[in-house]
2 protein chains.
Amino acid sequence: MTLAQLNNKFLPDCLDGGMGVGYTLHTCAINHLCSVYRVLAMEKVSIKDIAKAAGVSHSTVSRALRESPLVNVHTKERIQDLACEMGYSPDAQARSLVTGRSYTVGVVVTTIADPFVAEVVQGMESTAHDHGYTVILSSSNSEPEREIAAVEMLRAKRVDGVIVTSSRIGALYLDNVERIGAPVVLINNHNEQSGHYTYTISVDNHHGSLLATNHLINQGHSRIAYITGPANHSSDTERLAGYRQALSEDSIPYDPTLVVPGDGKPVGGMRALQALIERTQPPSAVFCYNDMTAIGLLRAAREAGISIPGDLAVIGFDDIPLASFVCPPLSTISQPKKEMGRLAMEMVLTLAESDDPVRPESSDIVVKGKLEVRQSTL
Amino acid sequence: MTLAQLNNKFLPDCLDGGMGVGYTLHTCAINHLCSVYRVLAMEKVSIKDIAKAAGVSHSTVSRALRESPLVNVHTKERIQDLACEMGYSPDAQARSLVTGRSYTVGVVVTTIADPFVAEVVQGMESTAHDHGYTVILSSSNSEPEREIAAVEMLRAKRVDGVIVTSSRIGALYLDNVERIGAPVVLINNHNEQSGHYTYTISVDNHHGSLLATNHLINQGHSRIAYITGPANHSSDTERLAGYRQALSEDSIPYDPTLVVPGDGKPVGGMRALQALIERTQPPSAVFCYNDMTAIGLLRAAREAGISIPGDLAVIGFDDIPLASFVCPPLSTISQPKKEMGRLAMEMVLTLAESDDPVRPESSDIVVKGKLEVRQSTL
DNA sequence: TTGTAAGCGTTATCAC
DNA sequence: GTGATAACGCTTACAA
């Protein structure tokens, strides 16, 4: 059976919908047809191959495949069937080369293994998907040079936009941002001296901190400790400030020795608990920079025989999925993670799709966290 | 100052290393130079622009930028400096179009918010990075048609390979796999009737199940329940089989009523506990399909006032990060998640880079889990 | 050592 | 309606 003969056997309902971007081709029934087609499909079939087989020019094929009205409905169908039979898959790169849009956005994270990050990324991916975009994932491991290398790589891949979570890069970054050509939005940016000419999504750390500290105060605590996060993160500075404001609003004197250093990870929380219980006058409650810190603290407390919340009330920040499953379930400030991912993606797509060459100077969305009361403070 | 004049001001140490793929361009000191360059960088600069500025042909530029030996060392330097100054970024898509390699692999997951998946993906991403590849992430939400659409999209993006985790697609898939043109490796494939002409990485479910059940038996238990995972997953079938074999090896009669349905999620575990304690003769130990199930069960037990492991010993499967932090810390079978991600990525890259057109019929790597004893069984 | 030209798979602008 | 033809930015023979 020759190719010409096969080409005459058109399948009627080969396509199950408009081809649009051409991703629905797979549904055609040809899958189960003559194995000769398999072989044909092996060799990448291009628009030109279809043109040759259909006896038309490649531009006609292009039009037919993109549902252009500028093509005879009959030949359009014929071409679509043929494309389907031959196992055609449009080359997104070639298309991007001429259209200038890749329908791809780059996402730079510290590590995807961080449950907080993972949920944010899920929000991003799903909204990207809804808009017909795909996501390139890149990890920075919190190393600035890896982060900037990732951005450069994304530039080479001609992404339509970039989202960076928990960026460590500040002023140095901005120069690169201007060169990248695609919009860059930062989510929970951790750098102190940024905040000019950028697009950001971030949680209101100060507000969340007020919620957490006030909750502890309302529970009757007045000796309240704060375990810090990693140094030089603006989020930590802001959370500390909120903690101090809550204290002062209730006329509770601020005791700097009750601020003990952590690192945003369980081990930091474990060490912090040690430091706290060694004090002559330990606190009755503690507000931790984040849930991971609180969870480490919880674990150390269990090992040290300290009852939570009896001896010590504990509240965290983030509301990672783990928080409600630890023992006791952890009170915390819930960040709308998926929502933030969604917002970041929508912002970057809006920027990418605006044909207005001059973008707004900056755009910063601040979302508010929510107090989640669980057993660790009751 | 004209472009020509600027072009004469070559920066000496503009590049800090071999250009290779051209991702190190950003490090050049020009960042802080004349703002005229900024403007130039705004308009995408191509190899031809550099050629024009340098007064050579664009092929010479191409060679210079790729460290080809076929170019005068002096002009090479001149061109590299120029490229750097002008803020050149190579177009990976254009390059891919001609070389046929995109240095990109697609990763399809159920959801990245699953901590198990996230860790596997981290293993993938980091080894991809080490090999100079990038990762496109796509979520299937466990919906077969979304999964297959994702694969089709990846085909359009001309990825060099695809990794699918926890695939639900079976025979139907294989046809598509043959058409994709790029190697596809499945990791912890969940489909019953697959297992021919594919490349897979999976954990030895049967073996892990033996470990878990034997551990419970060694602890003196003989009434041991099993909470199943989602229906029709081969992993569940295999774990159940391992459980049964362990029982029979110790001459413990198999009681089908001790196998209660779960769904692989906490809620399934919570419901399962309810079912167990309502029995006249409840089990003294329970082996859960996975950690999420066990964690739900733990929580329900706490609420029902059942002591773990006093009243009921519990063991899970997976060893997600959460497992060691719940209360009591959960005994489980640890899957080498990052390792599996690494193996999958290396397999797909090996397949992609082998210029041998005929690939091995199939290649299946089975890794063994490890018993992780914690307080929930002691 | 360098330049010319062809081509990768598209879309887009013209004519016809 | 359709078909040449020219891009898009790059690599790579083949010539010079």
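Which residues of strand β8 (residues 285–288) of chain A point one way, and which the other way? A285(A) and F287(A) share one direction, while V286(A) and C288(A) take the other. All of them are buried, that is, under 20% relative accessible area, where over 50% would be exposed and anything in between partly exposed (1.4 Å probe, protein chains only). In a regular strand, side chains alternate between the two faces of the sheet.

A word on the model: it is predicted, so local features need pLDDT of at least 70 and side-chain atom pairs count only at pLDDT 80 or more, whereas totals for chains, interfaces and linings use all residues. Residues are numbered from 1 along each chain as its sequence is written, chains are lettered from A and ligands numbered from 1 in the order in which they are written, and side-chain values use heavy atoms, leaving out hydrogens and water.

Strand β8(A) has partners. Strand β6 (residues 224–227) of chain A pairs with β8(A) in the parallel sense over 4 bridges; for strands to pair, DSSP must find at least two bridges between them. Here Y226(A) sits opposite F287(A). Strand β9 (residues 313–315) of chain A also pairs with β8(A) in the parallel sense, over 3 bridges, and V314(A) in β9(A) is the bridge partner of V286(A). Helices (H or I, at least four residues) and strands (E, at least two) are DSSP runs, numbered from the N terminus.

F287(A) turns up again in an aromatic cluster with Y226(A), Y243(A), Y254(A) and F317(A). Rings of Phe, Tyr and Trp (its six-membered ring) pair if their centres lie within 6.5 Å; planes under 30 degrees apart count as stacked, over 60 as edge-to-face and the rest as tilted. In chain B, the rings of F287(B) and F317(B) have centres 6.5 Å apart and planes at 35°, so this pair is tilted. Both F287(B) and F317(B) are buried.

Now for the DNA. Strand D is surrounded by 27 residues, the closest being T60(A), R63(A), N72(A), I47(B) and Y88(B); a residue is near if one of its heavy atoms lies within 4 Å. Of the strand D atoms within 4 Å of the protein, 62% belong to sugar or phosphate and the rest to bases. A side-chain N or O atom of R95(B) is 2.8 Å from a phosphate oxygen of strand D. For S59(A), a polar side-chain atom lies 3.3 Å from a base nitrogen of strand D.

Note on methods
Polar contact = N/O pair within 3.5 Å; in protein donor to acceptor, adjacent residues only side chain to side chain.
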